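Let's take a walk through a protein model and the small molecule it holds. Have a look at the picture first, then read on.

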Amino acid sequence: MHDTAIRRIPLAQPSIGARERELVEQVLASDVLALGPFAQTFEAGVAEMAGRRFGISCNSGTAGLHMAVAALGIGDGDEVITTPFSFVASANCILYERATPRFVDIEEDSLGMDPNLVEDAAGPRTKAILPVHVFGRPCRIEPLAAMAGSHGWRLIEDACEGLGSRTGDRKLGSFGDASVFAFYPNKQITTGEGGMVVTDDPVLASTMRSLRNQGRDEDGTWLRHVRLGYNYRLDELSAAVGVAQLERLEELRAGRARVAAAYAAALGGRDWVRLPQSSAEETVDWFVYVIRLDASIDRDRLMRDLDAVGVPSRPYFSPLHLQPYYQEALGYRMGDFPVTERVAASTLAIPWSAVLPDEDVQYVATAIIDAVARQSV
Ligand SMILES: *Cc1c(COP(=O)(O)O)cnc(C)c1O
């Protein structure tokens, strides 16, 4: 079957248009390639979008998470409660400052940290919680924020997959002491590599501007360093791409909504697959399109069969507590977080972008349906 098809559908694809090229040209013509006006425009735009006072751009989401942890004074001996169902950066950023991530299991529905498990994981050294919005869907951020407030914990919101999503009338990125966005090419908007921390706290904002700029003071004296800093700055070429992407956000969102509707029409109503879902009070701009397969389906065989017809797919996520480094450094093992492990064994990210043509969605859906049918004979 499909023997004429030698096409290969991308798993993810950025949408770069005339506006991105135009603004990058402006940067090149200006000779200001770093520490310039595009980063500031981009910061103002993202901060406004998240309903925050300050945006601190940086050169990756990971750098943003690290700066938030460092600027909040989380360090040696501190514990931070976070989720094992995430991308590795949300836990690594805690280890960078010699603090310890304390994982708690997730809820089956939102795939975010389960608020009911947080208090049991907390202890006298708990300094912060770091929840993650998974795939663009809000985690139970409101009860988590309330818990942080009542215990005096700091709250770092990993919104690296959540740009533009909302719960009720609150935007993701508007909760807690600091929230972090990321702009890798598969995110809702991209700068190539890039990230941003948003906050309402002027002192935190100022500390992070210093951290990303080699520990320089706000007065910018070039060879004076008041703290241990990094080079986490976002360059102007990347920032210009970000400004253009932000201008085009509605168009990109509409593209993703079209693709989600096409997948729902092509794959919906089958008892062996659960499509991405959100609750009535949520508005989700999906970061990836992750389907959940019935336990009876051999996912790895399905992935191989899809790959053979040019459809890439990826298990999403691979639990953090089972990563070799985490097992070795923190002693976690299989069985520690059963919901995370069960979900991780059944999830599959399939091709997804704002520019995926309807006919490719159809092709992917047919390939999945055919491959699953072959498993059940
Ligand atoms: C993308 C992402 C990050 C940051 O990734 P970078 O590649 O460093 O920009 C952090 N946390 C989560 C959950 C992510 O998906």
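How far does a polar side-chain atom of Thr62 lie from an oxygen atom of the ligand? The answer is 2.4 Å. Keep in mind that this is a predicted model, so treat the distance as a computed value.

## Who sits around the ligand

Thr62 has company: there are 14 residues around the ligand, and those that come nearest are Gly61, Thr62, Asp158, Glu161 and Lys187. Helix H3, which covers residues 61-71, gives the largest share of this shell, with three residues.

Two more of these residues reach an oxygen atom of the ligand. Lys187 does it with a polar side-chain atom, at 2.8 Å. Gly61 uses a backbone N or O atom instead, and that atom lies 2.8 Å from a ligand oxygen. On its own the ligand has 380 Å² of accessible area, and the protein covers 92% of that.

And where does the ligand sit? You'll find it in the largest pocket.

## A look at Ser90

Now let's move to Ser90, which has its place in helix H4, residues 89-96. Is Ser90 buried or exposed? Its relative accessibility is 1%, so Ser90 counts as buried; the cut-off for buried is under 20%.

Which residues does Ser90 touch, if we skip its neighbours within four places in sequence? Ser90 is in contact with Leu65, Thr82, Leu130, Val132, Asp158 and Leu320. You've met one of these already: Asp158 is also among the residues that come nearest to the ligand.

Methods:
Residues numbered from 1 in each chain as written. Predicted model: local features only at pLDDT ≥ 70, side-chain atom pairs only at ≥ 80, totals over all residues. Heavy atoms only, no water. Helix = DSSP H or I, 4+ residues; strand = E, 2+ residues; numbered from the N terminus. Buried < 20%, exposed > 50% of the residue type's maximum accessible area, 1.4 Å probe, protein only. Contact = heavy atoms within 4.5 Å. Near = heavy atom within 4 Å. Polar contact = N/O pair within 3.5 Å; in protein donor to acceptor, adjacent residues only side chain to side chain. Areas by Shrake-Rupley, 256 points an atom, 1.4 Å probe, with all protein chains shown as cover. 1 Å grid on protein atoms, 1.4 Å probe; cavity = no way out; pocket = protein on both sides within 12 Å on 5 of 7 lines; lining within 4 Å. Sits in = over half its atoms within 2 Å of the grid points.
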